[in-house]
Amino acid sequence: MSGPRAFALAVTGLLVLPAVASAHALLISSSPSPGAGLGAAPAAITATFSEPLNRPLSTLTLTTSGGRTVRATVTGDGPTRLVLRPVRRLQRGVYEVRWRTVSADDGHTAQGSYSFGVRAPVLGPAVSAAPGPLADGGWLRALLDAIFDGALILFCGSVFCGALLSAPGSGPAARLVPDESRREVGRRHWRRTVAIGFAAVLFSLVATVADAAHAGGGISGRALHDYLVSDFAGYTRLAVPAIVLLSVVMAARGAPRWASAPAVLALAAVAAGGHSSSARLSGVAFSADLVHLIAASVWLGGIAVIAIAWVPQLRELGAAGRRRIVEVVLPRFGAVALPAFFALVVAGGLNAVTELGSPKALWSTGYGRVLLVKTSLVGVLALLSYRHALRLRPRLLASRAFDVRLERRHWRLLASEPIVSAGIVLAAALLLAYAPPIDAAEQVAAAGSISSAAVLETSAEGSQLSVAGEAGPYIVNALVSRRGRRASVEVRTLDALQHPVSLRVHVAGSVSGGQCGTGCTRLVLMGFPATVAVEVGARGHVYRVSLPVRYQPSGEAVARRLLALVESRQGKLRSVAIRETLGSGVGAPEVTAYQVGTPDRFAYRLSRDGRLVSDTTIVGTHEWTRAAGLKRWQASVYGGGGPPFSAAGYLGWWTPFAGQPQLLDRFRAGADDRADVATVSRIPGLGTVWLQIAIDVTHRRVLHIGMITTAHFMTQTWGAFNAGKPIEPPPADLVAGSG
């Protein structure tokens, strides 16, 4: 198989692989929220993060205003949520919640803190500034990453160019030499390529140990174990040096074509540890990352390889030898350099679009500013390449005798390109330390606490109905009042944090009654339909949501009684299956399939973008988790040593939020009596919580729940009542550390 064909086949095979990558696991919502002033002490503090967590390395701590740590237990509630329960009731005062997370998808570490008060106001900022990404040894880790990235790009660039440009049987570095008299230079270069490959393996291991030490609070066997063998991110980090080593071994045998396949695979593993799944289209972002890395290796690595091989020998070559390099070697590289440059620009542009979210993020965020520097350096390098390759070189070749001054300028430009390339690699390494602006968590951190005024407006009064639905990244709330045969509706548009935002609103079959404040439109419906279709427009997008508006103003007592009947009966269920979809308004939602078995058994499978992420089984105080694609389970203590899992407690999760119920509808479905109920509650520190609950009145069961609250858009469908398979622990021979 020819070099170009083998190389293209390796790349194409990886581009169709599923993408699993991520950004930092940052705080997107909490209860109590930052700055909340509570009238009573909370029994638990909940923090929800933007990505699945590496549970052993992710922590919550609670401290008093005097800096004393409050004794508490910390448990996990699903893959993205931590729950802290104080051992004793909190006294009056201000408390600080400090969080530190390690993403299960990419191993990146994040931390921050916020404050809330119990019968006391929070004075000063509610959210404390988190340490910068380069604090706590971040510069050293970024430097190690840059050295590894540079070595990997140099090695891969040499291998790829050897596979693409060297003729079969001519030697792996034949492309570098203008004629047979210079073959020793090619052999010496290829030995240097192999040495650089070994250096890439070494610095990959060193950088991984440094990251593990940072995530685990120090170098220890436990920290390395939790960081490297607990989730996909760790296995990816272990895979990179192993795959690079395989490519180096093949390169040492003088086989650049065979070495190209594991080199591409190594770059794919690096891409899988980047920011691509923080984008809204993670598969596209992964492919763009991979193409970006391959193109950078060919262009940047190829430039550096030529400069390293020939610039130190310019004086020894003489005018004739230098002319041969310009006539033969540089045009060979140009055949792949220009396509690689265009591929790098297109893939980099796609990455910028998916990770930035808006052009403003280029200068308003740390990530954007570093990206701007990197992009500028790429522009400088392109200008240098254009100047010496397309302007100076044709003039040199056109002259019979080399113009000394022109030749000196040509080689000076070529020699400066590896220096600019090193700056590009350093900027790329720094980007890994920053969270992309598209991450929903940055929106939460920037917004701070929830606006109390906005929350109060959305609560129903008297016989009003308050319902809400998800419209893209926004919440649409309808506050409905019946007036004879008509209904008046106030449509309120909120962002994911329940702040009012002014959006274009259209409701078919309604007459506008004017504005009623920021993000508030008053409408009168012609008739009294069961639902209304609301369209909201923002930033060139139109989002649609259907909201129920028909209800029975005198049915609150009936709705309350139906909910009480369901609550009393669900504790008698033996088992139930629940399918949950959970989003925050940004990025793809998570889909989880739960199986609940009384009294203390729980199993669930988490998926994202249609791909399995992990399996978890809980029996009492024992918990087992298995990342997708792995055979062995990791055992841990459920809740970190707290009380055992309670099926009855989980099935009743919705009851604290079911305030102000309104009966939407009651109807027959075959032989069954059914009802739809809407509820709205204001939870201190969380905001308004809207529920829509479908009830099987005949059997006193929940069939469906829709929940809308701060950065939390969820639906649950319940079924397979008392019909599920028994939930059992995984076989002992499949549990890591057993036997």
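Two strands are taken to pair if DSSP finds at least two bridges between them. In this predicted model, strand β27 (residues 701–709) comfortably meets that condition with β26, because seven bridges join the two. The two strands run antiparallel, and one of the facing pairs is Q692 with G706 in β27. Four residues lie between the strands of this hairpin, and R700 takes a positive phi near 55 degrees there.

The other side of β26 is a good place to continue. Strand β25 (residues 672–683) pairs with β26 in the antiparallel sense, this time over ten bridges. Within that pairing, D676 has A694 of β26 as its bridge partner. Strand β26 itself spans residues 687–696 and is mostly covered, with nine of its ten residues buried.

These strands belong to a wider arrangement. An open sheet of eleven strands follows the order β23-β22-β21-β20-β19-β18-β28-β27-β26-β25-β24, and its pairing is antiparallel. At the edges stand β23 and β24 (662–669), each of which pairs on one side only. On average, neighbouring strands of this sheet are turned by 15 degrees against each other, with direction ignored. As a general point, side chains in a regular strand alternate between the two faces of the sheet.

Following the sheet to its β23 edge brings up another antiparallel pair. Strand β22 (residues 622–627) is joined to β23 by four bridges, and E623 stands opposite S636 in β23. Beyond β23 (634–637), the loop that leads to α15 (647–651) contains P643. This proline is exposed because its relative accessible area is 59%, and exposed means over 50%. Along the chain, P643 and T73 are 570 residues apart, yet their C-alpha atoms are separated by 9.7 Å.

Attention now turns to the helices. Helix α4 covers residues 221–228, and its buried residues are A223, D226, Y227 and L228. In general, an α-helix has 3.6 residues a turn, so residues three or four places apart point the same way. The buried residues of α4 pack against one strand, β7 (93–102), and against the helices α3 (183–216) and α5 (232–252).

Helix α3 also appears around an enclosed space. Two cavities of 30 Å³ or more were counted in the model, and the second largest holds about 60 Å³ of space. Its lining consists of L154, F155, S158, H189, R192, T193, I196, V305 and I308. Helices α2 (138–165), α3 and α7 (282–310) each supply at least two residues of this lining. The largest share comes from α3, which gives four residues.

A look at the whole protein chain completes the picture. Its secondary structure comes to 15 helices and 28 strands. Of its 739 residues, 54% count as buried. The chain exposes about 31,600 Å², of which carbon and sulfur atoms supply 59%. Among contacts between residues at least 6 apart in sequence, 63% join residues at least 24 apart. The pair P643 and T73, with their positions 570 residues apart in the count along the chain and 9.7 Å between their C-alpha atoms, offers one example of distant sequence positions placed together in the model.

Conventions
Residues are numbered from 1 along each chain as its sequence is written. This is a predicted model: local features need pLDDT of at least 70, side-chain atom pairs count only at pLDDT 80 or more; totals for chains, interfaces and linings use all residues. Side-chain values use heavy atoms; hydrogens and water are left out. Buried means under 20% relative accessible area, exposed over 50%, partly exposed in between (1.4 Å probe, protein chains only). Axes are lines fitted to C-alpha atoms, for helices over the stretch in contact, and angles run from 0 to 180 degrees between N-to-C directions. Contact means heavy atoms within 4.5 Å. Accessible areas come from the Shrake-Rupley method with a 1.4 Å probe; for residues, only the protein chains shown count as cover. On a 1 Å grid over the protein atoms alone, a cavity is a set of points where a 1.4 Å probe fits but cannot get out, and a pocket is an open set with protein on both sides within 12 Å along at least five of seven lines; lining residues have an atom within 4 Å of a point. Grid points are joined across faces, edges and corners, and a volume is the space filled by probe spheres set on the points.
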